[in-house]
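Please open the model in a viewer and keep the sequence panel beside it. The tour below proceeds by selection, from the whole chain to a single residue.

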Amino acid sequence: MTYDVIIIGSGPAGLTASIYTTRADLKTLVIAGGKWGGQLMLTTLVENFPGFPEGIQGPELMMNMRKQAEKFGAEFVDEDFVEADFSKKPFRVKASDKTYEAKSVIIATGADTRWLGAPGEAEKIGRGVSSCAPCDAAFFRDKNVIVVGGGDSAMEEALVLTKFAKNVTIMHRSDALKASEIMQKRAKDNPKINFFYNAVIEQVNGDQKVESIRVKVNPSDKSLLSKTAEEIEKITPAIFSPKFVSKDKDSITLDLKVDGVFVAIGHMPNTKVFKDIELDEHGFIKVHDHYLTNKDGVFVAGDVHDSHYKQAITAAGYGCAAALEVQHWLENQE
Ligand code: NDP
């Protein structure tokens, strides 16, 4: 049997696409993945998805979307996508050990936050560790938070956080920010934002939630170390109650009391498995007209092509757009 469309991915983009394709009477299969639902399955309260004035738990939102898609007849395979052959039609898409055929495909495999990988970080996601200030900033009213990263995302996350937090410190692994001049200026001009350079988080500590971080200050130019030590003494006591763990000629290790850690060191779009699909310079899928990829009949939706907005609602919107384009494309084929 040949599906009208196979949707690879089951986050807001994939599920919204499946609601639209099934309501357009297109025979739809969603390759949902062993862990279906995407990034929202890892979050707690989502307060910025329209239609839920009291907010909604991320997993509940995804469950609702899935139920809605199933109600209209979307079929789901809760197995991981393995590979696809877009070289001839019908397209062939493999999940686990089974291969499915479809006239069209929507790739909605999303992107994963690049995490630090520091001990204690993974267990505290949703409990003080976050990667989405627009989603979680409101939980940090009058708190002291760290934003890790030196790119535009870090500047933007920090700026969003200043609306709620008492103090926001951008911690960057070197002393050269990667962010655009304009974003750097906005962050530097904001009185609530401090910068902490040449520092990496070695460990995230806390029982139920984030309580402190162990930080190693290790500048490549060692002559900066004594200056950094002075700065730590000067800037941080009021905010972080620093406790020095060790100090040698190359580095300083210290524990800082913090309420939250926002990780903004980039995203990894889930594109590696698509061999013939064209990517942009950051590794995201390149979008052509009508949400097509470089392969006719293969469409794209959501964070796998969007390095900019990265919101659940924009992903859902892209899913809707791709589904409408699939519908038009299939009509034109017939
Ligand atoms: P970037 O890749 O631009 O920056 C990532 C930052 O994280 C870099 O400073 C990098 O350090 C640091 N980093 C990477 N890995 C680690 C690690 N393991 N530990 C510590 N630090 C690390 O990603 P962004 O998400 O900031 O931006 C992605 C794209 O989106 C960019 O093109 C950006 O311009 C765009 N964007 C634009 C916005 C806007 O215009 N308003 C807002 C947000 C994003 P190093 O510098 O040392 O490599």
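A residue is called buried here when its relative accessible area is under 20%, and exposed when that area is over 50%. The coordinates to which this term is applied are those of a predicted model.

**First selection: strand β11.** Select residues 144–148, which form strand β11. Five of the five residues are buried, so this strand is largely enclosed by the rest of the structure. In a regular strand the side chains alternate between the two faces of the sheet. Colour Asn-144, Ile-146 and Val-148 for one side of β11, and Val-145 and Val-147 for the other; both faces are covered.

**Second selection: the whole chain.** Zoom out to place β11 in context. The protein chain contains eight helices and 20 strands. Its C-alpha atoms fill a box of roughly 70 × 40 × 35 Å along the principal axes. For 334 residues a compact globule would have a radius of gyration near 20 Å, and the 22 Å of this chain agrees with that. Buried residues account for 48% of the 334 residues. Of the contacts between residues at least 6 apart in sequence, 61% join residues at least 24 apart.

**Third selection: the sheet around β11.** Which strands make up the open sheet, and in what order? There are five, arranged β10-β18-β11-β12-β13, with parallel pairing. β10 (129–130) and β13 (193–196) stand at the edges with a single partner strand each, so one side of each is left without a neighbour in the sheet.

**Fourth selection: β12 and its partners.** Add residues 167–171, strand β12, which runs parallel to β11 and is joined to it by five bridges. To inspect this pairing, display Val-148 and, opposite it in β12, Met-171. Then turn to β13, which is parallel to β12 and joined to it by four bridges. Here Val-168 stands opposite Ile-193 of β13.

**Fifth selection: Asn-198.** Continue into the loop between β13 and β14 (199–205), where Asn-198 is found. Is this loop residue, Asn-198, buried or exposed? Its relative accessibility is 6%, so Asn-198 counts as buried. To see what surrounds Asn-198, leave aside its neighbours within four places in sequence and show its other contacts. One group to display is His-172, Arg-173, Ser-174 and Asp-175. Asn-198 is also in contact with Lys-216, Val-217, Asn-218, Pro-219 and Leu-224.

**Final selection: the surface and charges.** Switch to a surface display: the accessible surface comes to about 16300 Å², of which 49% belongs to carbon and sulfur atoms. Colour by charge last; the mean positions of the 40 positive and 47 negative charges are 4 Å apart.

Note on methods. Residues are numbered from 1 along each chain as its sequence is written. This is a predicted model: local features need pLDDT of at least 70, side-chain atom pairs count only at pLDDT 80 or more; totals for chains, interfaces and linings use all residues. Side-chain values use heavy atoms; hydrogens and water are left out. Helices (H or I, at least four residues) and strands (E, at least two) are DSSP runs, numbered from the N terminus. The radius of gyration is taken over C-alpha atoms; the globule rule is 2.2 Å times the number of residues to the power 0.38. Buried means under 20% relative accessible area, exposed over 50%, partly exposed in between (1.4 Å probe, protein chains only). Contact means heavy atoms within 4.5 Å. Accessible areas come from the Shrake-Rupley method with a 1.4 Å probe; for residues, only the protein chains shown count as cover. Lys and Arg count as positive and Asp and Glu as negative; His and the chain ends are not counted. The place of a charge is taken as NZ of Lys, CZ of Arg, CG of Asp or CD of Glu. Two strands pair if DSSP finds at least two bridges between them.
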